[in-house]
Amino acid sequence: MKIISSPQFLQQDILRLKKEGKHVGFVPTMGNLHNGHLSLVNLIQPYCDVIVFSIFINPAQFSANEDFNSYPKTLREDIQKLDKLNVDYLFTPQNVDIYPFGSPRTTTKLHKLTQKLCGVSRPDHFKGVTTIINILFNIVLPDVAAFGKKDYQQYQIIKLMTEDLFLPIKIIGGEIIREPDGLAMSSRNRYLTDEERKKAILLHQSILATSHKINSGISFEQATESAIKKLKENTFKVDYFEIVKRNNLKSAKHGDKKLLIAAAAWLGRSRLIDNQEVNL
Ligand code: AMP
């Protein structure tokens, strides 16, 4: 695995490989790798000849009161994990490599989807996400890129961005990888105290319970209300708990079939997110 932090050097290699007819696959991350991230490498492998994996904690997607400064940095362990997989390039740029002119500029048109769910409490988040992904796409020039459905809204927004900007990149989505008790793997789980860690599975459990309820005919409102009540009783601060249509993330109505139950809630200093696709 070749480790490169210069966008120019990486791009030179990629252009040479593309001239040789190689297909490039890309997995962007912020590091502190767990099996959720690593699953995306296995997912993308059949679609490409060369895999580029990036680790960059993007300041532009954190607002001032968020955890940019404390976000876990574990590059040495991350490299050991990636060495065991079929990754050809690890791209580890610094802020100055990505944003040489200082504060980042928006490089993409923002879709309406960016204002829903996580976009309500994190108003600039998706502006930062689409900007960095667009910059990384321009450096890496991938034919295919993989995103986890744990961040379902992000996955949908990136798909729309590639359509809006006519980017010739296939976007593939990876299923959510969970801890044995059901908690979705996340770099932010390490902020949980032991007591919070035990409670954290309630988020996934509430989503599953909601899925069972709506499958058995209970109304969407009743099902989400009882999930929110249960989470609040267990000291979660619920950011949102919604049943939405998968294609546009608008509130689902009776009769809608392809649904997503999506939730975000604070437990102590960790903001947990999770979701479940439901076909009624
Ligand atoms: P992050 O480092 O948190 O920005 O995540 C990088 C990529 O890994 C994103 O596409 C995430 O959706 C994906 N990812 C993170 N956690 C999981 C998980 N538990 N299961 C599947 N994909 C994940």
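## A ligand, its shell and the salt bridges around the chain

A polar side-chain atom of His 37 lies 2.9 Å from an oxygen atom of the ligand, and this contact is a convenient place to enter the structure, which is a predicted model. Two further residues can be described in the same manner. In Gly 148 a backbone N or O atom comes to 2.8 Å from an oxygen atom of the ligand, whereas in Asp 151 an N or O atom of the side chain is found 2.6 Å from a ligand oxygen. The ligand, taken alone, would expose 480 Å², and the protein buries 92% of that area.

Looking outward from these contacts, the reader can count 17 residues that surround the ligand, and the closest of them are Met 30, Gly 148, Asp 151, Ile 177 and Met 185. In character, this shell divides into eight nonpolar, six polar and three charged residues. Which elements of the chain each supply at least two residues of the shell? They are strand 2, covering residues 24–29, helix 2, covering 35–44, and strand 5, covering 144–148. Helix 2 gives the most, with three residues in the shell around the ligand.

From the ligand we can turn to the protein chain as a whole, which has nine helices and nine strands. Its C-alpha trace spans about 55 × 40 × 35 Å along the principal axes. A compact globule of 280 residues would have a radius of gyration near 19 Å, and because the protein chain has 19 Å, the two values agree. Of the 280 residues, 52% count as buried.

The next topic is the pairing of charged side chains. Side chains of opposite charge can pair when their charged atoms come close. The structure holds 14 salt bridges, and one of them joins Glu 66 to Arg 122, with the closest N and O atoms 2.8 Å apart. This pair links distant parts of the chain, since Glu 66 sits in the loop between strand 3 (50–55) and helix 3 (75–83), while Arg 122 sits in the loop between helix 5 (118–121) and helix 6 (125–140), 56 residues away. Are the two partners buried or exposed, or does either fall in between? Glu 66 has a relative accessible area of 23% and is therefore partly exposed, while Arg 122 has 11% and is therefore buried, the cut-off for buried being under 20%.

Glu 277 takes part in salt bridges with two partners, Lys 149 and Arg 246. In the pair with Lys 149, the distance from N to O is 3.5 Å. Because Glu 277 lies in strand 9 (residues 270–279) and Lys 149 in the loop between strand 5 and helix 7 (152–164), this salt bridge ties together parts that are 128 residues apart in sequence. In the pair with Arg 246, the closest N and O atoms are also 3.5 Å apart. Here the link runs from strand 9, where Glu 277 lies, to the loop between strand 7 (237–245) and strand 8 (258–267), where Arg 246 lies, 31 residues apart. Glu 277 counts as partly exposed, at 30% relative accessibility, whereas Lys 149 counts as buried at 11% and Arg 246 counts as buried at 12%.

Salt bridges can also share partners, and in this way Lys 2, Asp 13, Arg 16, Glu 20 and Lys 22 are joined into one network.

Key:
Residues are numbered from 1 along each chain as its sequence is written. This is a predicted model: local features need pLDDT of at least 70, side-chain atom pairs count only at pLDDT 80 or more; totals for chains, interfaces and linings use all residues. Side-chain values use heavy atoms; hydrogens and water are left out. A residue is near a molecule or strand if one of its heavy atoms lies within 4 Å of it. A polar contact is a pair of N or O atoms within 3.5 Å; within protein, one must be able to donate a hydrogen and the other to accept it, and residues adjacent in sequence count only if both atoms are side-chain atoms. Accessible areas come from the Shrake-Rupley method with a 1.4 Å probe; for residues, only the protein chains shown count as cover. Helices (H or I, at least four residues) and strands (E, at least two) are DSSP runs, numbered from the N terminus. Ala, Val, Leu, Ile, Met, Phe, Trp, Tyr, Cys and Pro count as nonpolar, Asp, Glu, Lys and Arg as charged, and the others, Gly among them, as polar. A salt bridge is a side-chain nitrogen of Lys or Arg within 4 Å of a carboxyl oxygen of Asp or Glu. Buried means under 20% relative accessible area, exposed over 50%, partly exposed in between (1.4 Å probe, protein chains only). The radius of gyration is taken over C-alpha atoms; the globule rule is 2.2 Å times the number of residues to the power 0.38.
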